[in-house]
Amino acid sequence: MESGMTDSLRLRAIEWHIRLQHGDDATWEAFAAWLAEDSAHQHAYDEIERTDLAIEPLLADVAFREAANDAGEPEDLGENGVASHDRSAVRRWSITGGALAAGIAAAIVVAPQFQSSRYRVETGPGERREFALDASTRIILNGATRMTLDHKDPRFAALDRGEALFRVRHDPARPFRVQVGEAHVEDVGTVFDIIRDGRETRVAVAEGSVRYAAGGTSTPLGAGQAIVDRGGVVQLAEVSRAAVGGWQGGRLIYSGQSLSQVAADLSRFLGTDIVVSSLLADRPFSGAIVLDPRASAADQRQRLAVALDVALEVGTQGWTMKPPARAGR
């Protein structure tokens with residue numbers, strides 16, 4: 001248990017997490033009022049969500065052995081004389097006791113629906129996919145992106161890695177919420193883009209507004225604004241509204257961003273790992289890059305090298321961005 005969090009507060013947060021799975025407008029209003037009472041409530045709820053996300057993918061690999069058959073009744077034996085309840089454990093972990101088993105068992109008892117309602121969607125490098133959560137809420141995933149969604153709660157998403165554009169139906173009674181590491185982004189408007197790259201999170205707003213909450217603070221962002229969170233160090237920035245989600249149409253627009261960021265964006269879109277020389281990593285770039293998915297890799301590479309004023313060398317693991325060779329040197 002985290003320092004400073006009482007059992008009663010944790011149980012209250014678990015209760016809210018379960019109630020919201022099927023909560024009506026009144027439930028969500030009461031939940032919002034509870035969060036507003038004390039900043040510790042938000043921290044407690046965030047911890048429960050993180051625990052839920054961490055446990056859910058492990059449940060399929062956890063099996064608990066039943067108690068011994070003391071009544072002497074015959075086992076239901078299958079092929080090769082293996083008891084039916086043990087056959088499913090052949091390819092699973094077997095936990096027979098201890099704090100870990102008790103902790104996971106408690107989680108299953110408290111929230112059995114988590115096992116079936118949460119699911120993951122993922123794109124490969126260079127792949128893009130679109131999901132409709134309801135009639136007017138869509139998520140578009142860029143390449144190399146993984147996200148967790150919930151069949152029972154279309155107002156929830158968790159971005160594990162990569163980049164996604166959100167076009168959200170705003171509902172003040174049930175705000176759309178995106179979990180990003182230990183932070184979360186709450187919709188107060190309609191169109192925004194989130195990138196999760198290691199310990200760095202970037203959020204940019206094209207229409208409406210969102211609220212970025214992390215470390216006990218909440219920052220509102222309006223259209224044309226962005227935030228960069230590098231391991232807890234948060235910076236605000238201006239961004240072209242046309243640049244937000246421009247990768248959908250193969251357009252990447254920059255205003256002074258580093259070449260290391262440009263390379264990361266290109267890697268997601270093209271599906272090719274691009275490593276930047278330390279001599280160029282922090283060099284700023286301003287301009288627009290238009291990518292044609294129909295172009296060959298060689299053509300893409302040549303056009304990018306000219307646009308970025310770099311040399312792009314092909315290696316076994318991808319491309320390396322280096323300073324260009326100048327004539328006469």
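Tutor: Let's start with one term: a residue is buried when its relative accessible area is under 20%, and exposed when that area is over 50%. Keep in mind that we're looking at a predicted model.

Student: OK, let me try that on a tryptophan. Is Trp34 buried or exposed?

Tutor: Trp34 has a relative accessible area of 6%, so it is buried. Trp16 counts as buried too, because its relative accessibility is 2%.

Student: How many aromatic pairs are there in the whole structure?

Tutor: A search turns up 4 aromatic pairs. In one of them, Trp16 and Trp34 sit 6.0 Å apart centre to centre, with 35° between the planes, so the pair is tilted: stacked needs planes under 30 degrees apart, edge-to-face over 60. This pair links distant parts of the chain, with Trp16 in helix H1 (residues 7–19) and Trp34 in helix H2 (residues 25–37), 18 residues apart. Elsewhere, Phe166, Phe176 and Phe192 make up one aromatic cluster.

Student: Now helices. How do I read one that has an inside and an outside?

Tutor: The general idea goes like this: an α-helix has 3.6 residues a turn, so residues three or four places apart point the same way. Try H8, where Gln300, Leu304, Ala305 and Leu308 are buried. These residues cover an arc of only 130° around the axis, which puts them on the same side of H8. On the other side of the helix, Gln302 and Val306 are exposed.

Student: Which elements do the buried residues of H8 pack against?

Tutor: They pack against helix H7 (259–270) and three strands, E18 (284–290), E19 (311–315) and E20 (318–322). As for the length of H8, its 12 residues (297–308) should span 16 Å at 1.5 Å a residue, and the end C-alpha atoms are 16 Å apart, which agrees. Right after H8 comes Asp309, which has a positive phi, near 55°.

Student: You mentioned E19 and E20. How do they pair?

Tutor: They pair in the antiparallel sense, over 5 bridges. A hairpin connects E19 to E20 through 2 residues, and Gly315 stands opposite Gly318 in E20.

Student: And what about side chains along a strand?

Tutor: In a regular strand, side chains alternate between the two faces of the sheet. Look at strand E9 (residues 183–187): Ala183, Val185 and Asp187 point one way, His184 and Glu186 the other way, and all are buried. That's 5 of its 5 residues, so to read burial here you can call the strand mostly covered.

Student: Which strands pair with E9, then?

Tutor: Strand E8 (residues 177–180) pairs with E9 in the antiparallel sense over 4 bridges, and Arg177 stands opposite Glu186 in E9. E8 and E9 form a hairpin with 2 residues between them, and Gly181 in that turn has a positive phi of about 65°. Strand E12 (residues 209–214) also runs antiparallel to E9, joined to it by 4 bridges; in E12, Ala213 is the bridge partner of His184.

Student: Let's try charged residues. Where does Arg128 sit?

Tutor: In the loop between strand E3 (118–122) and strand E4 (129–134). Its relative accessibility is 31%, so Arg128 counts as partly exposed. The side chain of Arg128 reaches the backbone oxygen of Gly126 at 3.0 Å, and a polar atom of that side chain lies 3.2 Å from the backbone oxygen of Phe269.

Student: What does Arg128 touch beyond four places away in sequence?

Tutor: Its contacts include Trp247, Arg268 and Phe269. Arg128 and Trp247 are 119 residues apart in sequence, yet 9.9 Å apart in space, C-alpha to C-alpha.

Student: Is Arg268 buried or exposed?

Tutor: Arg268 is buried, with a relative accessible area of 7%. Arg268 lies in helix H7, and its side chain makes a polar contact of 2.4 Å with the side chain of Asp265. Among the residues it touches further along the chain are Arg128, Glu163, Asp197 and Arg202.

Student: Can you give me a contrast?

Tutor: Take Ser255 in strand E16 (residues 251–258). Its relative accessible area is 62%, so Ser255 is exposed. Setting aside neighbours within four places in sequence, Ser255 is in contact with Phe285 and Ser286.

Notes:
Residues numbered from 1 in each chain as written. Predicted model: local features only at pLDDT ≥ 70, side-chain atom pairs only at ≥ 80, totals over all residues. Heavy atoms only, no water. Expected span 1.5 Å × (residues − 1). Buried < 20%, exposed > 50% of the residue type's maximum accessible area, 1.4 Å probe, protein only. Arc of directions from axis to C-beta. Contact = heavy atoms within 4.5 Å. Polar contact = N/O pair within 3.5 Å; in protein donor to acceptor, adjacent residues only side chain to side chain. Pairing = 2+ DSSP bridges. Phe/Tyr/Trp six-rings, centres within 6.5 Å; stacked < 30°, edge-to-face > 60°.
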